[in-house]
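Hi,

Here is the structure I said I'd pass on. Have a look at it first, and my notes on what turned up are underneath.

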Amino acid sequence: MKAKVLKMLLIAAAGMAAVSCFNKKPSERSAGSALEAAPDEKVHPVKVIEAAERDVRQESTYSATVEAYAVNNIAPQTASRIQKIRAEVGDYVHKGQVVAEMDRLQLDQTRLQLINDSTEFERLKKLYEKGGIAKSDLDAVELAYNVRRATVDNLKTNTILRSPITGFITARNYDKGDLYSMAQPLFVVQQVVPVKLKVGISESEYTRVRKGDKVQIVSDALAGRTFEGRVNRLYPTVDAMTHTFIAEVVVSNNDRALRPGMYTKVTVTFGTNRSVVIPDRAVVKQEGSGQRFVYLLNPDNTVSFTPVTLGRHMGDEYEILEGVPVGASVVVKGTSGLREGSKVEIIDE
């Protein structure tokens, strides 16, 4: 009987112990196991470098399309029949070169009238010198003569059409014998020596760009070639949608390699910064965030997981704007498996 009672008391005590353990907070239940777990004493082999600073060119690359420096539409002022076409699409014409001739009837008639006016003016001028007519009569004839001469000059300009600039003919909208209807120009000519590009630059660089600054231009269509241009004009306003402003770049293009419509990449230099530079393999991206970190070596051969602010990415190096002081030892190899406070051993390779 006594044995049976003792057995029941032992079962009850075990049940109370179980209930007491269950009612403990999770942190209290795991405290013993945490104390029993040994800390990670692994020593990680790493390679480090000393952070040094140097001059870093501040550059940004933007996309832009080549444009003709000037575009002119060639056409007469009035409707007329086209007598001759002297240029075709793709021709490189020079300023003043004849590209077309219109019907000459009105020009020839006005020229004959001008010859008659000139003769009459000279006759009356001699007569005036002899006192045969009043000065007002001579002035009226002279005015009519000058008006006729200006009319001839205007008709000549609109009958014999010349290119106002040097460049390529990029459009011809009529054929010989057509009646020019004033709907479209006869020709479009585009100047390609030089060319220009309108580059949209971030508003944050507005105060750093100056007229005359040099830029570098490359085009996929002309692989292996780099062109140099200069900022010729800065637009005074910033686009509220894109937060960019326009810098007009002019490229000499003496060999006419760049053509209007070509896609290019324009690299603009904003000067230099004195910054710390480290290998890009030393930079660690934290999962789930856009922040970047590096491991810095402490005097006790442990490492600190330190956030950094990156600048330019130059080949296999990063410019560091904040986070790494000059002379700090930065882990560049063996970062896998490291964490804040990890012990490390310095290796050469």
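Before the pocket, a word on the term: a pocket here is an open set of grid points where a 1.4 Å probe fits, with protein on both sides within 12 Å along at least five of seven lines. Keep in mind, too, that this is a predicted model.

By that definition, the largest pocket holds about 240 Å³ of space. It is lined by 15 residues, and those closest to its centre are Thr78, Gln106, Leu155, Asn158 and Thr159. Two elements, α3 (105–129) and α4 (135–159), each give two or more residues to the lining. The largest share is from α4, with five residues. If you're wondering about the chemistry, the lining splits into six nonpolar, eight polar and one charged residues.

Now for the strands. There's an open sheet of four, in the order β6-β5-β3-β8, and the pairing is antiparallel. β6 (160–162) and β8 (179–180) sit at the edges with a single partner strand each, so one side of each has no neighbour in the sheet. At the β8 end, β3 (residues 80–85) is joined to β8 by two bridges, running antiparallel. Arginine 81 is the residue standing opposite leucine 179 of β8.

The helix from the pocket lining comes back here: α4 lies across β5 (98–102) and β6, and its angle to β6 is about 65 degrees.

Elsewhere, β1 is worth a click. Strand β1 (residues 43–50) pairs in the parallel sense with strand β19 (residues 343–346), over four bridges. In that pairing, valine 46 has isoleucine 346 as its bridge partner. β1 is also joined by four bridges to strand β18 (residues 329–333), this time antiparallel. There, isoleucine 49 has valine 330 in β18 as its bridge partner.

Last, how far to trust it. The chain's average pLDDT is 87, and 89% of the residues score at least 70. The start of the chain is another matter: residues 1–7 stay under 50, and the model gives them zero contacts beyond four places in sequence. Residues 9–38 are also below 50, with three contacts in the model beyond near neighbours in sequence. Where pLDDT is low, the predicted coordinates should not be read in detail.

Shout if anything is unclear.

Cheers

Definitions and conventions:
Residues are numbered from 1 along each chain as its sequence is written. This is a predicted model: local features need pLDDT of at least 70, side-chain atom pairs count only at pLDDT 80 or more; totals for chains, interfaces and linings use all residues. Side-chain values use heavy atoms; hydrogens and water are left out. On a 1 Å grid over the protein atoms alone, a cavity is a set of points where a 1.4 Å probe fits but cannot get out, and a pocket is an open set with protein on both sides within 12 Å along at least five of seven lines; lining residues have an atom within 4 Å of a point. Grid points are joined across faces, edges and corners, and a volume is the space filled by probe spheres set on the points. Ala, Val, Leu, Ile, Met, Phe, Trp, Tyr, Cys and Pro count as nonpolar, Asp, Glu, Lys and Arg as charged, and the others, Gly among them, as polar. pLDDT is the predictor's confidence in each residue, from 0 to 100. Contact means heavy atoms within 4.5 Å. Two strands pair if DSSP finds at least two bridges between them. Axes are lines fitted to C-alpha atoms, for helices over the stretch in contact, and angles run from 0 to 180 degrees between N-to-C directions.
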